[in-house]
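Got your viewer open? Let's take a walk through this model, one selection at a time.

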Amino acid sequence: MDRQTEFVLRSMEERDIRFVRLWFTDVLGSLKSVAIAPAEVEGAIAEGVGFDGSAIEGFARVYESDMVVHPDPSTFQVLPWRQTERGTARMLCDIQLPDGTPSFADPRHVLKRALKKAADMGFTFYIHPEIEFFLLGQLNPPVPLDDGGYFDHTTLGDGTDFRRDAITMLEQMGISVEFSHHEGSPGQHEIDLRYADALTMADNIMTFRVVIREVAVSQGIHATFMPKPFTEHAGSGMHTHMSLFEGDTNIFHDGADEYRLSKTARQFVAGLLRHAPEITAVTNQWVNSYKRLMGGSEAPTCACWGRANRSALIRVPQFSPGKASSARIEYRAPDPACNPYLAFALMLNAGLAGIENEYPLPEETEDAVWRLTEKERRSMGIKSLPRSLDGALRVMEGSELAAETLGEHVFDYFMRNKRAEFEAYRRQVTPWEIARHIRVL
């Protein structure tokens, strides 16, 4: 028995754990769970727990349905919101086939594959996300919990209490928080997680979404990660800060460069810019995602980069002199409703393609690019991001990078599922159409 398994068994006994939930993620990023008794945990870690993969979105067809969920003992955490009852803990899991090989449909394995490629090149990939979400007093129609604005401070306000309780619970689960504040729209809040390697961070984001919803329910309110629930207010993003390390050295930093960016960092940014339209269907995977990416705000519409330019897809944040380890780039397209395992895998491989192929970095863009015409953008060599889920899928369909990163099964399932979502959306007659046309047409 290894040390991690010993730790899990000892912790369950010391903390009187009566249920252990095994968490895993389907292709679309929805969390799945099965509960087992403590007596079954040692066997589950050693041999896994069988389940019907054909019942999970994108996992398998009926005739190849047998799959095995393998808990990762390093992810063992007690669930704080379950401690008024018998103790409940959770472990995140990898999905395998009955012969012990990784499942072709497991999003966690997709990211592990990309991280192995980076490791073979000598790199460790770190992530620091800024996660935005809305708190609502009611769901239908949605009503913001508050009328606050950016960085507003309200004494003993509902949102302030919520963030305090949510951060306390996150830290009880081993997830470190750097910042929290009210965002620009009514009812909108942001919590920034402390940087971690990409696999740990993807696991943390899945846990984060559960914690936020659990705290909201406990307070009689609602939380949503929907990218844009309000026409009149800005949507929610998940700006993602990224860096590559070689051992303890941040290889994105070059103190002699005008932008403090190393050659490797420049090539990584160039890779992201070149492949951004191909991966947008995954970083922004819902029909509603493209209501946020419409221009006229800080949400990006074009594949360009800049330093102070918050309309750019990639921003190079300033950092304190002498703190080379904090050198990073910020990718501003993803929203908080994406599947973080797939999104991080594609973002990493897009950057690595830039390094492998030595892509040149385009000129910095200082303009508010959403104000530029399409002709002006083309003259500057700036690609537009897709304007709809349908457009994003059409670009992704021809992407060799996306197909290789996701693997044939995940790629095909994702494309089929998202095409069906867009077709269902296209058939809907919306309240906007009725209000605008029913009397005059």
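Here, two residues are in contact when heavy atoms of theirs lie within 4.5 Å. Keep that in mind while you show the whole chain, which is a predicted model. Among contacts between residues at least 6 apart in sequence, 71% join residues at least 24 apart.

**Stop 1: the whole chain.** Switch on the cartoon view and you'll find 13 helices and 19 strands. The radius of gyration is 22 Å, close to the 22 Å that the globule rule gives for 441 residues, so the chain is as compact as a globular protein of that length. Turn it around: the C-alpha atoms fill a box of roughly 65 × 55 × 50 Å along the principal axes. Buried residues account for 54% of the 441. Now show the surface, which comes to about 20400 Å², with 48% of it belonging to carbon and sulfur atoms. Colour by charge next, and you'll have 47 positive and 62 negative side chains, with the centres of the two sets 5 Å apart.

**Stop 2: Ser103.** Select Ser103, in the loop between strand E6 (87–96) and helix H3 (107–120). Is Ser103 buried or exposed? Its relative accessible area is 1%, and buried means under 20%, so Ser103 is buried. Show its side chain and follow it to the backbone nitrogen of Ala105, at 3.0 Å. Leaving aside neighbours within four places in sequence, Ser103 is in contact with Met67, Ile95, Gln96, Leu97 and His109.

**Stop 3: Thr88 and Gly381.** Stay with strand E6 and pick Thr88, which lies in it. Thr88 counts as buried too, at 5% relative accessibility. Then draw a distance from its C-alpha atom to that of Gly381: the two residues are 293 apart along the chain, and the atoms are separated by 54 Å.

**Stop 4: some backbone details.** Go to Asn140 and Pro141, which are joined by a cis peptide bond with omega about 0°. Pro141 sits in the loop between strand E7 (124–138) and strand E8 (143–144).

Next, select Asp16, in the loop between helix H1 (3–14) and strand E1 (17–25). What is phi of Asp16 about? It is about 55°, a positive value although Asp16 is not a glycine. Asp16 is partly exposed, at 41% relative accessibility.

Finish at Glu358, in the loop between helix H8 (340–356) and helix H9 (374–379). Glu358 isn't a glycine either, and its phi is positive, near 55°. With a relative accessible area of 53%, Glu358 is exposed.

Methods:
Residues are numbered from 1 along each chain as its sequence is written. This is a predicted model: local features need pLDDT of at least 70, side-chain atom pairs count only at pLDDT 80 or more; totals for chains, interfaces and linings use all residues. Side-chain values use heavy atoms; hydrogens and water are left out. Helices (H or I, at least four residues) and strands (E, at least two) are DSSP runs, numbered from the N terminus. Buried means under 20% relative accessible area, exposed over 50%, partly exposed in between (1.4 Å probe, protein chains only). A polar contact is a pair of N or O atoms within 3.5 Å; within protein, one must be able to donate a hydrogen and the other to accept it, and residues adjacent in sequence count only if both atoms are side-chain atoms. The radius of gyration is taken over C-alpha atoms; the globule rule is 2.2 Å times the number of residues to the power 0.38. Accessible areas come from the Shrake-Rupley method with a 1.4 Å probe; for residues, only the protein chains shown count as cover. Lys and Arg count as positive and Asp and Glu as negative; His and the chain ends are not counted. The place of a charge is taken as NZ of Lys, CZ of Arg, CG of Asp or CD of Glu.
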